[in-house]
Amino acid sequence: MSAAPASAAYVFNGTEVAVFDFTTGSNVGVQDGNARFYSATSPDIGTLDVRVTGWSLERVKTGYNSYTNYVRDSKLMVYSGGLGITSGDDDGGANNQHTADNEGRKDFFVFQFNAPVAFISATFNTYSVLGYSKDSDATIKYGFNYDTPWNSSLNLDGKTESYLNGLFDGSFESLGGSASNHRFINPDLHWGNVWLLGSSFVNKDGKIDGFKLANLAVVPEPATWLMMIGGFGLLGSALRRRRRTALATA
Ligand SMILES: [Ca+2]
Ligand SMILES: [Ca+2]
Ligand SMILES: [Ca+2]
Ligand SMILES: [Ca+2]
């Protein structure tokens, strides 16, 4: 799918999606591990909030012939082109390394929502990292986490990739090309209140991925939806309990 205007309202299953605009904010005083907060509103579903952080996976030699990937807190930067990540091996962001890139460390965003959502689409602005050709493949992970409030730290710094993966129910690839693009990123309609979107961890085509994320369209899960439009709180939580019980026994 190409280039639906970023700000255009559009409809998913009869509901106007909520579109987070990631092109506003300041980079003054940004430190590793900084968080940014954004809100998005749909006339149909009200307002959703998200906490966004930037990370990278560093491959560390841990034995004669073995390696372990560790999560490193990184700088979540913001530009007119969208959110980027400057990680510890990104030379201060030079040569478009301030993007979410998988040259060296694999950079990724973590999104903690105040309600379960499904990703629908996103705008990827591509950049040539260190002079390589542009590409925009992404790894996406989704899961439910009710141990940590949505607006609090998940304390991922220094954790292993296995620990990171344990936070999520599943993972998939969203392949993109060299041009900046707006695309659907959740064809199987997964749900979660905690999501990861990164420069591809798999990168099958071997081309370095480097992009800024300009926006993200989501919808809340139906049970939450009922609560948000008001008056159905008990019904919503009953549905949620049933659903999660069903998941737990599946
Ligand atoms: Ca980077
Ligand atoms: Ca890098
Ligand atoms: Ca690609
Ligand atoms: Ca690639």
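**Exercise 1. Count the secondary-structure elements of this predicted chain, then work out how its contacts spread along the sequence.**

Solution. Start with the elements: this predicted model has 3 helices and 15 strands. Next, take the contacts between residues at least 6 apart in sequence: 74% of them join residues at least 24 apart. Finally, check burial: of the 250 residues in the chain, 42% are buried.

**Exercise 2. Find the residues that touch the most other members of the largest nonpolar core, and say which strands supply the core.**

Solution. First, the core itself: it holds 50 residues, and Phe-109, Leu-213 and Val-218 touch the most other members. Now map the core onto strands. Those giving at least two residues each include β3 (18–21), β5 (46–63), β10 (106–126) and β15 (210–220). Which strand gives the largest share? That's β10, with 10 residues. As background, nonpolar side chains in soluble globular proteins tend to be buried together.

**Exercise 3. List the contacts of Val-218, skipping its neighbours within four places in sequence.**

Solution. Use a C-beta cut-off of 7 Å. On one side you pick up Val-17, Ala-18 and Leu-48. Then comes a run further along: Val-117, Ala-118, Phe-119 and Ile-120.

**Exercise 4. Decide where to go easy on the coordinates, using pLDDT.**

Solution. Begin with the overall picture: the average is 89, and 85% of the residues score at least 70. Then look for weak stretches. Residues 1–8 fall below 50, with 12 contacts beyond near neighbours in sequence. Residues 231–242 are also below 50, with 10 such contacts. Where pLDDT is low, the predicted coordinates shouldn't be read in detail.

Note on methods
Residues numbered from 1 in each chain as written. Chains lettered and ligands numbered in written order. Predicted model: local features only at pLDDT ≥ 70, side-chain atom pairs only at ≥ 80, totals over all residues. Helix = DSSP H or I, 4+ residues; strand = E, 2+ residues; numbered from the N terminus. Buried ≥ 20, exposed ≤ 12 C-beta atoms within 10 Å, placed from the backbone. Contact = placed C-beta atoms within 7 Å. Core = buried A, V, L, I, M, F, W, Y, C linked by C-beta atoms within 7 Å. pLDDT = per-residue confidence, 0-100.
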